[in-house]
Amino acid sequence: MKIAVPYENGEVFPHFGHAAEFKIYTAEDFKPIESEIVKIEDASHEAVAGYLKKRGVDLLICDSIGDGAREAVEAAHILLCSNVSGKADEVVEQFLDGSLDFTTGSSCEQHDGGSACGGCCGSCGGCHGEDREPYEETRTFTQIVHLTEENFQQEVLDDPGLIVIDFWAEWCQPCRMMAPVFEELSKEEDKVKFCKVNVDEQPALASMFGIDSIPTLAVVQDRRTLTGMVGVHGKEDIRSMLNSCR
């Protein structure tokens, strides 16, 4: 998994659209293993998003970002965490260990007319976004969803509910061992959407989540990866992980 952060002097640069540099981290097994700083020549939103995608970036962590920039990032199929400030290295580590506080929508990068937003402003709902009511699932799920690049937007990114994704492969014996457990739990936890990703058939989705070992479970809600676990686990271990995210 590769994570990009607008960067200046060790900090998350406050405005995505004005960043001259990005720090790109490579993460494996939920830990950063290397990083590099890259300079941006063309500062247009589409050019920056396209450049980051060409560098293999799967996730952008930033502070303020406007609607146009957010749309460019999402069009490049890069996941977004916004309203984040502080030391860049620390926020990446916090994201990977599940302790980072962030939102997924736009924030007030600029007012109309181009002046920088230097604080909370009534027109944008505040620099840290509007407070949301906790999401309460009203649907029930009866089947496991097999994710592809084609249905990922609809089934995961556009779904605010709690989702658990099993990354697996046909040749993986531990994956086969855990498959009946995953299926049984999906019938008992009908307010959670259970999904599977065949990493051989969907390598882009596996790369997006930084999957290096299988089986791996990832818990997602409202475009946020909340937690995960690697290896074969019993039903109660998985249920406990889900309960910690409710």
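**Note on the predicted model: aromatic contacts, helix packing and backbone details**

1. Phe152 has a relative accessible area of 5% and is therefore buried, a value that, like every other in this note, comes from a predicted model. The ring of Phe152 pairs with that of Phe209 in an edge-to-face arrangement, with 6.2 Å from centre to centre and 85 degrees between the planes. Phe209 also counts as buried, at 12% relative accessibility. Because Phe152 belongs to helix α4 (residues 152–157) whereas Phe209 sits in the loop between α6 and β10 (216–221), the pair ties together parts that are 57 residues apart in sequence.

2. The pair just described belongs to a wider group, since Phe152, Phe167 and Phe209 form one aromatic cluster. Across the whole structure, the search for aromatic pairs finds 4. One of these is formed by Phe16 and Phe22, which are edge-to-face at 5.8 Å centre to centre, with 70 degrees between the planes. Phe16 and Phe22 are both buried.

3. Phe167, a member of the aromatic cluster, is also among the contacts of Val199. Val199 lies in the loop between β9 (193–198) and α6 (203–208), and with a relative accessible area of 16% it falls under the 20% cut-off and is buried. When neighbours within four places in sequence are left aside, the residues in contact with Val199 are Phe167, Trp168, Ala169, Ala206 and Ile214. The C-alpha atoms of Val199 and Glu170 are separated by 9.2 Å, although their positions lie 29 residues apart along the chain when counted as a sequence separation.

4. Ile214, one of the contacts of Val199, leads into a feature of the backbone that a reader may wish to inspect in the model: the peptide bond from Ile214 to Pro215 is cis, with omega near 0 degrees. Pro215 is found in the loop between α6 and β10, the loop in which Phe209 also lies.

5. Two asparagines have a positive phi, and their surroundings can be set side by side. For Asn9, phi is near 50 degrees, a positive value in a residue other than glycine, and the residue is found in the loop between β1 (2–8) and β2 (11–12). For Asn83, phi is near 60 degrees, again a positive value in a residue other than glycine, and the loop concerned is the one between β6 (79–81) and α3 (88–96). Are these two residues buried or exposed? Asn9 counts as exposed, at 71% relative accessibility, whereas Asn83 counts as buried, at 9%.

6. The packing of helices deserves a separate point, and the first case concerns α1 and α2. Helix α1 (residues 45–54) and helix α2 (residues 67–75) pack at an angle of about 30 degrees, with their axes 8 Å apart. Because angles under 35 degrees count as roughly parallel, α1 and α2 are described as roughly parallel to each other. The crossing in which α1 passes α2 is right-handed. On the α1 side the residues that meet α2 are His45, Glu46 and Ala49, and their partners in α2 are Gly68, Ala69, Ala72 and Val73. By class, this contact of α1 with α2 has 4 nonpolar, 2 polar and 1 charged residues.

7. The other case is the packing of helix α5 (residues 173–188) with helix α7 (residues 235–243), at an angle of about 50 degrees and with the axes 10 Å apart. α5 and α7 are therefore oblique to each other, and their crossing is right-handed. Met178, Val181, Glu184, Leu185 and Glu188 in α5 meet Lys235, Ile238, Arg239 and Leu242 in α7. The residues of this contact of α5 with α7 divide into 5 nonpolar, no polar and 4 charged.

8. As for the protein as a whole, the model has 7 helices and 11 strands. Of its 246 residues, 47% are buried. Among the contacts between residues at least 6 apart in sequence, 62% join residues that are at least 24 apart.

Terms used
Residues are numbered from 1 along each chain as its sequence is written. This is a predicted model: local features need pLDDT of at least 70, side-chain atom pairs count only at pLDDT 80 or more; totals for chains, interfaces and linings use all residues. Side-chain values use heavy atoms; hydrogens and water are left out. Axes are lines fitted to C-alpha atoms, for helices over the stretch in contact, and angles run from 0 to 180 degrees between N-to-C directions. Helices (H or I, at least four residues) and strands (E, at least two) are DSSP runs, numbered from the N terminus. Angles under 35 degrees count as roughly parallel, over 145 as roughly antiparallel, 65 to 115 as roughly perpendicular and the rest as oblique. A crossing is left-handed if the near helix is turned anticlockwise from the far one by less than a right angle, and right-handed if clockwise. Contact means heavy atoms within 4.5 Å. Ala, Val, Leu, Ile, Met, Phe, Trp, Tyr, Cys and Pro count as nonpolar, Asp, Glu, Lys and Arg as charged, and the others, Gly among them, as polar. Buried means under 20% relative accessible area, exposed over 50%, partly exposed in between (1.4 Å probe, protein chains only). Rings of Phe, Tyr and Trp (its six-membered ring) pair if their centres lie within 6.5 Å; planes under 30 degrees apart count as stacked, over 60 as edge-to-face and the rest as tilted.
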